Amino acid sequence: MVLTASLDRPLTYDDLVTLPDDGTRCEPIGGEIYALPSPNPFHQLASGILFSLLRDFALVRQLGLVFAAPSMSDSIPATSSSRTSSFSVERNVV
């Protein structure tokens, strides 16, 4: 589902954060805001297995911590079309 608005410009992350928080997961893609479906059980299983493998790899090599969820931050530029990876390794996190 695409959420539309009558604006003279592409929608941005700033537009996304002004939407009411009704529990719908949304993401700006190409100037439009898309409502995202919830992950299915197979996705959750695959995600969990991949997280475990990456976490063990990072722990054994003392590379840092692995987080299994996307990380949103106020430091993301409003015009950014990129998104934080679902799996990221943070070095030297205590």
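A salt bridge is a side-chain nitrogen of Lys or Arg lying within 4 Å of a carboxyl oxygen of Asp or Glu. By this rule, the count for the structure comes to 2 salt bridges. The model is predicted, and the legends below describe selected parts of it.

**Figure 1. Overall arrangement of the predicted protein.** The protein contains 2 helices and 5 strands. Read from the N terminus, its elements follow the order β-α-β-β-α-β-β. Of its 94 residues, 19% count as buried. About 7,300 Å² of the protein is exposed, and carbon and sulfur atoms supply 58% of this area. Among the contacts with a separation of 6 or more, 35% join residues that are 24 or more positions apart.

**Figure 2. Confidence along the chain.** The mean pLDDT of the protein is 74, with 66% of the residues at 70 or more. Confidence is highest in helix H2 (residues 41-60), where the mean is 93. Strand E5 (residues 88-90) marks the lowest confidence, at a mean of 48. Over residues 74-90, pLDDT stays under 50. For residues 74-90 the model has 30 contacts beyond four places in sequence.

**Figure 3. Hairpin of strands E2 and E3.** Strand E2 (residues 25-29) pairs with strand E3 (residues 32-36) in the antiparallel sense, over 5 bridges. Glu27 has Tyr34 of E3 as its bridge partner. The hairpin has 2 residues between the strands, and Gly30 takes a positive phi near 60 degrees there.

**Figure 4. The two faces of strand E3.** Side chains alternate along E3. Ile33 and Ala35 point to one face and are buried. Glu32, Tyr34 and Leu36 point to the other face and are not buried. Tyr34 is also the residue of E3 that bridges to Glu27.

**Figure 5. Salt bridge between Asp15 and Arg9.** The closest N and O atoms of Asp15 and Arg9 are 2.8 Å apart, and the two residues form a salt bridge. Asp15 has a relative accessibility of 13% and therefore counts as buried, the cut-off being under 20%. Arg9 is partly exposed, with a relative accessible area of 42%.

**Figure 6. Salt bridge between Asp56 and Arg55.** Asp56 and Arg55 form a salt bridge in which the closest N and O atoms are 3.2 Å apart. Asp56 has a relative accessibility of 38% and so counts as partly exposed. Arg55 is likewise partly exposed, with a relative accessible area of 31%. Both values fall between the limits for buried, under 20%, and exposed, over 50%.

**Figure 7. Nonpolar surface patch with Ile49 of helix H2.** Leu45, Ile49 and Leu53 form a nonpolar patch on the surface. Together, these residues have about 320 Å² of accessible area. Ile49 is found in helix H2, the element with the highest confidence in the protein.

**Figure 8. Backbone of Gln62 in the loop after helix H2.** Gln62 lies in the loop between H2 and strand E4 (65-67). Although Gln62 is not a glycine, its phi is positive, at about 50 degrees. The relative accessible area of Gln62 is 72%, so the residue counts as exposed.

Key. Residues numbered from 1 in each chain as written. Predicted model: local features only at pLDDT ≥ 70, side-chain atom pairs only at ≥ 80, totals over all residues. Heavy atoms only, no water. pLDDT = per-residue confidence, 0-100. Helix = DSSP H or I, 4+ residues; strand = E, 2+ residues; numbered from the N terminus. Contact = heavy atoms within 4.5 Å. Buried < 20%, exposed > 50% of the residue type's maximum accessible area, 1.4 Å probe, protein only. Areas by Shrake-Rupley, 256 points an atom, 1.4 Å probe, with all protein chains shown as cover. Patch = residues over 30% accessible without salt bridge, like charges linked within 9 Å, V, L, I, M, F, W, Y side chains within 5 Å. Pairing = 2+ DSSP bridges.
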